[in-house]
Amino acid sequence: MSPGLLGLEITGESALETASGVTLLIISLLVVLYGSYTLLFKAPAPSVCHLETQQDYIAGLSNYRNVKALKKDVLLALDQLERIGKKKSTLLQVLGERFEPTELSYRKFLSVITGVE
């Protein structure tokens, strides 16, 4: 605490100057401790890998499930993925009842369902 830098001293002439000097020292210590904690102990963000299948997306989203800012969005996305899976299985069941797997129409509908998924 140089008196020439900020004009503050711990043993200043007034109570305000002394209180400001002590406060500045305490805040500086807290900033250094918090910065050290953040750099040394904070877990690195999970990396995003190449996603192709629905299981890849579920695994990728699960990495961000505990991030406070993203929690609602991640839970919504996981719920939507689950609902899409159920709808796909229902569509495939109806498609199997209506067409034979060897028919051209079956393959066209299947390609559209897979593309939408």
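## Report on a predicted four-helix chain

At 47% relative accessibility, E82 counts as partly exposed, because this value lies between the limits of 20% for buried and 50% for exposed residues. The residue belongs to a predicted model, and the description below proceeds from E82 to its partners, its helix and the rest of the chain.

**Salt bridges of helix α3**

E82 forms a salt bridge with K86, and the closest N and O atoms of this pair are 3.5 Å apart. Both E82 and K86 lie in helix α3, where four residues, or about one turn of the helix, separate them. K86 has a relative accessible area of 52% and is therefore classed as exposed. Side chains of opposite charge can pair when their charged atoms come close.

How many salt bridges does a search of the whole structure find? The search finds two. Besides the pair E82 and K86, a salt bridge joins D79 to R83, with 3.4 Å between the closest N and O atoms. D79 and R83 are four residues apart in helix α3, so about one helical turn separates them. With a relative accessibility of 35%, D79 counts as partly exposed; R83, at a relative accessible area of 39%, is likewise partly exposed.

| Salt bridge | Closest N and O atoms | Separation in helix α3 |
|---|---|---|
| D79 and R83 | 3.4 Å | four residues |
| E82 and K86 | 3.5 Å | four residues |

**Helix α3 and its cover**

Helix α3 comprises residues 71-98, a total of 28 residues. From its first C-alpha to its last it reaches 41 Å, close to the 40 Å expected at 1.5 Å a residue. Which residues of α3 are buried? They are V74, L78, L81 and L95. The cover over the buried residues of α3 includes helix α2 and helix α4, the latter formed by residues 104-116.

**Q54 in helix α2**

Q54 is found in helix α2, which covers residues 54-62. Its relative accessibility is 18%, and Q54 therefore counts as buried, the limit being under 20%. The side chain of Q54 reaches the backbone oxygen of L81 at 2.5 Å, and L81 is itself among the buried residues of α3. When neighbours within four places in sequence are left aside, Q54 is in contact with L81, E82, G85 and E117. E82 thus appears both as a contact of Q54 and as a salt-bridge partner of K86.

**V116 in helix α4**

V116 lies in helix α4. Is V116 buried or exposed? At 69% relative accessibility it counts as exposed. V116 and I84 are 32 residues apart in sequence, while their C-alpha atoms are 9.6 Å apart in space.

**Helix α1 and a nonpolar surface patch**

A nonpolar patch on the surface is formed by I10, V22, L25, I26, L29, L30 and L33. Together these residues have about 620 Å² of accessible area. One of them, L33, lies in helix α1, which runs over residues 15-41.

**The chain as a whole**

The chain contains four helices and zero strands, and along the sequence it follows the pattern α-α-α-α. It has 117 residues, of which 9% count as buried. Of the contacts between residues at least 6 apart in sequence, 15% join residues at least 24 apart. The exposed area of the chain is about 9,700 Å², and carbon and sulfur atoms supply 64% of it.

Note on methods. Residues numbered from 1 in each chain as written. Predicted model: local features only at pLDDT ≥ 70, side-chain atom pairs only at ≥ 80, totals over all residues. Heavy atoms only, no water. Patch = residues over 30% accessible without salt bridge, like charges linked within 9 Å, V, L, I, M, F, W, Y side chains within 5 Å. Areas by Shrake-Rupley, 256 points an atom, 1.4 Å probe, with all protein chains shown as cover. Salt bridge = Lys/Arg side-chain N within 4 Å of Asp/Glu carboxyl O. Helix = DSSP H or I, 4+ residues; strand = E, 2+ residues; numbered from the N terminus. Buried < 20%, exposed > 50% of the residue type's maximum accessible area, 1.4 Å probe, protein only. Contact = heavy atoms within 4.5 Å. Polar contact = N/O pair within 3.5 Å; in protein donor to acceptor, adjacent residues only side chain to side chain. Expected span 1.5 Å × (residues − 1).
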